[in-house]
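Let's take a friendly walk through this protein, from its overall make-up to a few local details. Keep the structure open beside the text as you read.

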Amino acid sequence: MGVTNLATEEVPKPGEWPVDPQHDIAVTEDRIWIDGCFDFTHHGHAGAMLQARRLGKELVVGVHSDEDILDNKGPTVMTLAERGSVSAVDACRWSTISIPHAPYVTSLPWISHYGCHYVVHGDDITSDSGGEDCYRYVKAAKRFLVVKRTPGISTTDLVGRMLLCTKNHFIRSLTRTLSGDDGPGSQVERSDAATEMAQRIRDYASDETGLQPGSLVLSYAETGPAQEASMGTQEPGSYTTVVDGALPKPGQRIVYLDGGFDLFSSGHIEFLRQVVKAEEAFARQTGWYDDTPTQKERLAGNNGGYGPSYIVAGIHDDEVINHWKGVNYPIMNIFERGLLVLQCRYIHAVIFSAPFTPSKAYLCNLPFGTPHAVYHGPTTFMPLTYDPYIAARDLGIYREIGNHDFQNVNAGEIVQRILRSRQMYEERQKKKGQKAAGEDAVRRRENMEKEAAALEEERATNR
């Protein structure tokens with residue numbers, strides 16, 4: 001499509017809009033519009049949506065098409081379905097509705113059709129293929145608001161980590177980093193960074209309004225002798241509260257799941273969505289939704305009541321993931337991965353530094369009590385030499401989510417997509433003033449991936 005001209009822009013007719021309503025609705029300042037590519041999700045995207053949501057009562061998120069992004073910016077890593085209405089944007093707890101195929105140059109007729117007065121964007125300049133400001137029309141109409149861009153994270157940064165195989169983003173101990181006792185720089189710099197990180201965790205743990213406390217955030221530490229790569233101990237461990245949040249409500253089932261959640265993508269999100277669906281189906285079978293006084297009381301609760309499950313996500317440390325996957329995985333560190341899990345509407349609580357193997361001692365001593373179910377999904381990302389869910393099986397609480405449309409979308413797949421389209425991505429980086437990775441760096445990455453794959457195959461053979 002390329003550059004949009006306001007005078008020649010085609011406005012959809014009723015029945016042609018990508019998402020209902022098909023007729024214009026009243027414009028209000030409480031309904032905010034934000035748009036973007038939202039290519040493989042990072043916490044900067046979520047941070048922009050959080051800030052936008054705080055400015056109103058509803059957030060409409062426009063997602064550009066693959067073709068428009070290619071014409072104006074370069075190739076996408078993720079498809080529209082993976083980025084938008086099927087997956088990443090709709091899974092953000094601060095998004096009210098997503099609008100696929102939103103114009104790359106933000107259109108007044110489009111935002112007005114969906115009832116939005118203001119458009120929100122970060123404090124950087126986004127240009128179309130002709131070099132013009134994508135927000136020139138809404139700025140001229142004085143319907144543009146600026147929010148602060150999240151520092152230290154961008155799609156370009158992540159692509160650089162993949163191509164250059166760097167590990168300096170790893171966090172050795174999130175607990176010590178949040179206390180200012182670990183990390184780069186002087187004591188003052190570490191303290192300032194810790195304060196900023198702690199505040200960001202609190203922000204991302206907020207509820208769907210972005211203004212009130214929402215998810216509970218804990219940090220776990222083993223108290224017994226840890227086995228190789230956190231394979232678990234028979235000690236219960238200890239917990240530190242990072243952020244206070246909502247606890248399970250009466251009658252809710254406690255659901256536990258864990259993972260690396262690296263480059264938090266449609267594969268993770270669809271797994272979480274399927275867990276919610278499975279729990280809802282179980283709730284229907286067991287009478288949760290029956291028309292009873294108890295259910296009426298649930299529906300009359302805060303924020304329109306609550307669902308049948310309370311989902312707790314355990315997130316593994318960087319060194320644990322690197323032990324199993326090698327190269328420079330995880331591409332995102334535990335802080336970055338944790339923020340993305342927190343912003344997901346399907347999650348109620350997060351446990352940082354969760355053990356790779358949830359032992360019986362660990363599961364039976366969770367702060368919420370022994371979970372009713374432990375879920376695992378289809379994954380080939382980290383082939384193992386043993387079953388980490390033996391304890392959950394022995395307790396009779398292990399559940400599996402079957403195959404789904406996005407099951408192969410994981411960090412490894414995303415890296416391979418980047419490598420296959422390296423030249424186009426490097427051209428994008430050059431336009432942004434970023435240094436290209438170069439043939440030697442890419443060849444080194446490819447060789448490291450082959451070595452890691454060979455190690456995985458050896459582990460599978462010896463299992």
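A residue counts as buried here when its relative accessible area is under 20%. With that cut-off in hand, look at strand S10, residues 349-352, in this predicted model: both of its faces are covered. Ala349 and Ile351 are buried on one side, and Val350 and Phe352 are buried on the other. This fits a general pattern: in a regular strand the side chains alternate between the two faces of the sheet.

S10 also has strand neighbours to explore. Strand S6 (residues 216-221) runs parallel to S10 and is joined to it by four bridges; within this pairing, leucine 218 has isoleucine 351 as its bridge partner. Strand S9 (residues 309-315) pairs with S10 too, again in the parallel sense and over four bridges. There, isoleucine 315 has phenylalanine 352 as its partner.

Stepping back, the protein contains 18 helices and twelve strands. Of its 463 residues, 56% count as buried. Its accessible surface comes to about 20500 Å², and carbon and sulfur atoms hold 49% of that. Among contacts with a separation of 6 or more, 76% are between residues 24 or more positions apart.

Helix H1 (residues 43-53) makes a good next stop. Ten of its eleven residues are buried, including His43, Met49, Leu50 and Arg53. What covers these buried residues? Among the elements that do so are strands S1 (28-36), S2 (58-63) and S4 (116-122), along with helices H7 (155-164), H9 (187-204) and H13 (334-342).

Now for the aromatic rings, where a search of the whole structure turns up 14 pairs. In one of them, the ring centres of tryptophan 94 and tyrosine 204 are 5.9 Å apart with planes at 85 degrees, so the pair is edge-to-face. Tryptophan 94 sits in the loop between helix H4 (88-91) and strand S3 (97-100), while tyrosine 204 belongs to helix H9, so the pair ties together parts 110 residues apart in sequence. Both tryptophan 94 and tyrosine 204 are buried. For tyrosine 389 and tyrosine 398, the centres lie 5.7 Å apart and the planes are at 35 degrees, so that pair is tilted; both of these tyrosines are buried as well. Elsewhere, Trp17, Trp33, Trp110 and Tyr114 form one aromatic cluster.

Two lysines complete the tour. Lysine 139 lies over the face of phenylalanine 144, 5.0 Å from the ring centre, and the charged end of lysine 325 sits over the ring of tyrosine 329, at 5.7 Å from its centre.

Definitions and conventions: Residues are numbered from 1 along each chain as its sequence is written. This is a predicted model: local features need pLDDT of at least 70, side-chain atom pairs count only at pLDDT 80 or more; totals for chains, interfaces and linings use all residues. Side-chain values use heavy atoms; hydrogens and water are left out. Buried means under 20% relative accessible area, exposed over 50%, partly exposed in between (1.4 Å probe, protein chains only). Helices (H or I, at least four residues) and strands (E, at least two) are DSSP runs, numbered from the N terminus. Contact means heavy atoms within 4.5 Å. Accessible areas come from the Shrake-Rupley method with a 1.4 Å probe; for residues, only the protein chains shown count as cover. Two strands pair if DSSP finds at least two bridges between them. Rings of Phe, Tyr and Trp (its six-membered ring) pair if their centres lie within 6.5 Å; planes under 30 degrees apart count as stacked, over 60 as edge-to-face and the rest as tilted. A charge sits over a ring if NZ of Lys or CZ of Arg is within 6 Å of the ring centre and within 35 degrees of the ring normal.
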